[in-house]
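Open the model in your viewer and keep the sequence panel visible. The stops below are given in the order in which to select them.

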Amino acid sequence: MKKNSICQCAVCKNGSLIDGTATMTFEKDNSVIVVKNVPALVCNNCGEEFVHDSAAREVVSNVTKEFHKGVQIEVVDYAA
Ligand SMILES: [Zn+2]
């Protein structure tokens, strides 16, 4: 699914993708971690969020560390 243009939404095929932010939620066992303000492209039609690959990798790596600490619920701000 690689196209030259990332401007069209792959979900609704109607909207355009604009710079924005997404909220990602991770759950593991009894832990929930919410990461806000992750850089993403957001469809202006259906609202689907496409998180940038590099940002997603960073988030997953940080979240994995937090899970190891045994947090129950944590809300973190990506930009902070
Ligand atoms: Zn869309």
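In which segment is K13 found? Select K13: this residue is found in the segment before β1. Helices (H or I, at least four residues) and strands (E, at least two) are DSSP runs, numbered from the N terminus. Residues are numbered from 1 along each chain as its sequence is written. This is a predicted model, in which local features need pLDDT of at least 70 and side-chain atom pairs count only at pLDDT 80 or more, while totals for chains, interfaces and linings use all residues.

K13 has a phi near 60°, a positive value in a residue other than glycine. Most residues other than glycine have a negative phi. K13 counts as exposed because 10 other C-beta atoms lie within 10 Å. The classes are buried for 20 or more other C-beta atoms within 10 Å of the residue's own, exposed for 12 or fewer, and partly exposed in between, with C-beta atoms placed from the backbone.

Zoom out next. The protein has 1 helix and 4 strands, in the order β-β-β-α-β from the N terminus on. Its C-alpha trace spans about 40 × 25 × 20 Å along the principal axes. Of the 80 residues, 15% count as buried. Among contacts (C-beta atoms, placed from the backbone, within 7 Å) between residues at least 6 apart in sequence, 56% join residues at least 24 apart.

Now select residues 17-28 and 31-43. These are β1 and β2, which pair in the antiparallel sense over 11 bridges; two strands pair if DSSP finds at least two bridges between them. At the turn, K28 has S31 in β2 as its bridge partner. The hairpin has 2 residues between the strands. One to pick is D29, in the loop between β1 and β2, where phi is near 50°, again positive in a residue other than glycine. D29 is exposed because it has 8 C-beta neighbours inside 10 Å.

Show side chains for C9, L17, A22, I33, V35, V38, A40, V42, C43, V51, V59 and V63. These 12 residues make up the largest nonpolar core, meaning a set of buried Ala, Val, Leu, Ile, Met, Phe, Trp, Tyr and Cys residues joined through C-beta atoms within 7 Å. Two or more residues come from each of β1, β2 and α1 (53-69), and β2 gives the most, with 6. Centre on A22: leaving aside residues up to four places away in sequence, A22 touches V38, A40, E49 and V51.

Move to helix α1. Its 17 residues should span 24 Å at 1.5 Å a residue, and its end C-alpha atoms are 25 Å apart, which agrees; the expected span is 1.5 Å times one less than the number of residues. Pick A56, which lies in this helix. A56 is partly exposed because 17 other C-beta atoms lie within 10 Å. A distance label from A56 to V42, 14 residues apart along the chain, should read 15 Å between C-alpha atoms. Just after α1, G70 takes a positive phi of about 80°.

Finish at β4, residues 73-77. Is this strand buried or in the open? Of its 5 residues the number buried is 0, so β4 lies largely in the open. β4 pairs with β2 in the parallel sense over 5 bridges. For a last selection, take V35, which stands opposite V76 in β4; V35 is also one of the core residues shown earlier.

Note on methods
Contact = placed C-beta atoms within 7 Å.
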